[in-house]
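Visitor: I would like a close look at a single part of this structure. Please take one residue, follow its surroundings outward, and finish with the internal cavities.

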Amino acid sequence: MAQPLARLRTSFVLFGALCVPVIAVAASPEGLSGQILGQVRNASGIAQMGANVYLYNRYEEVVRRGLTTEQGRFAFDALTPDVYSIRVVLASFVPAERRNIAVLPNSENRLDINLSSVLSSVDLAPPSSIRGTLMTDDWKWVLRSSQSTRSIMRFAPELGYPSGTSSSDRTLTAFSNTTGLVKLSAGDGQSFTRGAQQDLGTAFALATSIAGNSRVQFSGNVGYAGASALPAAGFRTSYSRTGDNSSPEVILTMHQLYLMPRGAGIAMGADNAPPLRTMSLAFVDKTEIADNIRLDYGFDLQSVSYLDRMNYASPFIRATYDAGSQGRVRVGYSSGAPPAELLVRDSETANGLDQSLSSLAMMPRITLSNSRVAVERTQNYEIGYERVEGSRTYSIGAYRELVSNAGFLLSGPTASLPAADLLPDISSRGSIFNVGSYQRVGYSASVAQTLGDRLEVAVAAGRTGALANDNLGASYADAGELRAGIRPVQRTWVTMRASSVVPKAGTKVTATYGWTDFNTLMPTHVFLTQKTNQDVGMNVFLRQPLPAFLPWRMELTAELRNLLAQGYLPIGGIGTRSILTNSPRTVRGGLAFIF
C-alpha cells in the first residue's frame, strides 16, 4: 500500500513541477499585452483636461473609454495585440480620430492629439528608445490619477476624495463631462413610412456623467408637424452604466403630435383633433459569456394611442463570436419594432448626443385599416460574417424577414380609397397606406476600403424581396383590390458609398447611390449583424464645422435623400395614377451648436 502511495506522491510532484512554468507565464501577462498612450493639446499647445477618449477594436466597436488628466494625458494598458482605433472628443473642438493602430506585445504606442475648431489631427509619435520597461513612472501616474481607472471605492462618500474636500466640491466631482447640443433645422421632413418623426425644427440634448462610469442623457424635439397649429414634441431620457462585463441602459421615450384622419370632418389644428401619443420603455445590455463570445439583448415595451390604444413588446437578441484576425460571426433575432436602441449603440461614434436624437426621431410605424390602427410588426432572423484585413473590411450575410401591416407612402389621387384606410403623413400631403403582409429572404455581400485617414469607399450587393404591381395601369375600386395587385418578387440591388473629409476646410461629405429595379418598391432591411446599408437612389450628407468665434462649436448640416426620385411604384390607371414609396425625395438643412 505504501508503494502505490509513494508513486502517486511522486506523480503529483512531477505534475506540479511541469505546471510551474505555465503558471509563471500566465501570471505575467505584461509580456503579451501592449499600450496606447497619448496627450491632448489645442492648437496653441495647451494641454486639454477632461477630453473623452474612445478606444475601438477592428470592428469599430467601443472597448474602452477614458478622460484626459490635468496634463491632457490618457493611457489604455493591458491591450490584447490587435488593430485599434482612437477617437478624441471635447466640446468646442472637432473630434480627432486615427485608425489602424497596430498594438504589438510589449509595445507602447504614443499619440500626439491636436484639437482644432476646424480640423483636428492625431499623430503617432516615434517609438521610445527606452527598453526594459513596459510603462514609465510618468505614465503610471496617468493611470492612477485618471478618473476612468480609479478604484471603484470612490463611490463611497468618505472615499475617493482628498482629505478636506467640501461637500460642494464633491458634488462638482460627482457630475462631470457635461455636454450639450442644440439643433435648428428646416426643410422637408422625414416621411412617417420610415418609422421616423419629422424633425420638428428645434432639437436639443444634454448629457452628464455621474461618478465616472454612469451617464444620464436627456433630449427633446419640439415644433410643429405638417400643417397642424398645435405643437408637437418628443422627449427621451436614458441612464447607462459601464462595467467590465455589462453595460446596461434604460431608456424612456415619449411623443405627442396631432394627425387628422382623412374625411373625419375635424379642422386641422383644432383643439379636438385626435392626438397620436406613444411611450416606450427600453432596456439594452450586453454580457460576455466567454473571452470571444458576447450577447447583446434587450426589449422595448411600447404603447400607442391614436383612436385606440395598443400595447406590445419587442424583444431582440444577438450573439457574436469573435475569432480575432479570422473574423467574427453574428446571429441575431428581433420581433416587433426594429431594435432602435441596439442600432443606436452599434452606430455610436463617441458623440452620444447625435445618436440620442437619432433614436428619439424613430417612432412606431402605424397605419389605418378599416378605421382601426395597426402597427407594423417584423420578425427578423439573421446571420452575418465580417472580417477585417488591414484597411479593408469584408462581410456577407443572409436574413429571413416576415412583415405584417406594412405601411408605405401613397402620393396622388386617393378618391377611390375610403378614408378609413388612409393615415395622413406628417411631412407631406400624401397618406400612409397599409399594403398588408409579406415575407422575403435576402442575402448580401460588401467590401469597404479605407484610403488614408480622410477617404473611405464601400460597395455592397445582394438579392432580396421587393414589391411589384401586377395590374400596372389598371384602376382599383377599393383598398382590398389595391392590396391584391401587389406581390413580392426577388430583385438584385447594389449600393455604393463614399465618405471623405476635405482637408483644411474639415467638410465631411458622404454620398451613396442605391440601384435596383426602380419599377418595384424595395423595402429597406434593417441589418442586425453587419454594417451594410441598403439605400435607394442618390443621397448626399454634408457636415461643415464653422470657425470658433464663440465659446462653443458650430456645424452646418445638409441632408439630401433620393435626389433622383427613384424607387417609386406606380399604381392605378388614368385619373387615379398614384405612387407608393418608402423613400421620398427630401431636402433638409440645419445649424448645430455643440457645448
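In which strand does Glu401 lie?

Guide: This is a predicted model, and everything below is computed from it. Glu401 belongs to strand S21, which covers residues 392-411. Its relative accessibility is 7%, so Glu401 counts as buried, the cut-off for that class being under 20%.

The side chain of Glu401 takes part in two polar contacts that can be described in turn. One joins it to the side chain of Arg440, at 2.7 Å. Another goes to the side chain of His525, at 3.1 Å. Apart from neighbours within four places in sequence, the residues in contact with Glu401 are Thr378, Gln379, Tyr438, Gln439, Arg440 and His525.

The contact with Arg440 can also be placed in the strand pairing. S21 pairs with strand S23 (residues 431-451) in the antiparallel sense, over 17 bridges. Within S23, Arg440 is the residue that stands opposite Glu401. The pair is thus described both by facing positions in the strands and by a polar contact between side chains.

S23 has further partners. Strand S22, residues 422-424, pairs with S23 over 3 bridges, again in the antiparallel sense. There Pro424 stands opposite Ser431 of S23. Strand S24 (residues 455-469) runs antiparallel to S23 and is joined to it by 9 bridges; in this pairing, Tyr443 faces Arg463 of S24. S23 and S24 make a hairpin with 3 residues between them, and Gly452 in the turn has a positive phi of about 75 degrees.

Next, the cavities. The structure holds 3 cavities of 30 Å³ or more, and the largest contains about 310 Å³ of space. This largest cavity is lined by 25 residues, of which Asp300, Gln302, Met362, Met363 and Pro364 are the closest to its centre. By class, the lining consists of 10 nonpolar, 9 polar and 6 charged residues.

Several elements supply at least two lining residues each: strands S13 (249-258), S14 (275-290), S15 (293-305) and S20 (377-389), together with helix H4 (340-346). S14 gives the most, with 4 residues. S20, residues 377-389, is one of these contributors, and Thr378 and Gln379 are among the residues in contact with Glu401.

Notes
Residues numbered from 1 in each chain as written. Predicted model: local features only at pLDDT ≥ 70, side-chain atom pairs only at ≥ 80, totals over all residues. Heavy atoms only, no water. Buried < 20%, exposed > 50% of the residue type's maximum accessible area, 1.4 Å probe, protein only. Polar contact = N/O pair within 3.5 Å; in protein donor to acceptor, adjacent residues only side chain to side chain. Contact = heavy atoms within 4.5 Å. 1 Å grid on protein atoms, 1.4 Å probe; cavity = no way out; pocket = protein on both sides within 12 Å on 5 of 7 lines; lining within 4 Å. Points joined across faces, edges and corners; volume = space filled by probe spheres on them. Nonpolar A, V, L, I, M, F, W, Y, C, P; charged D, E, K, R; others polar. Pairing = 2+ DSSP bridges.
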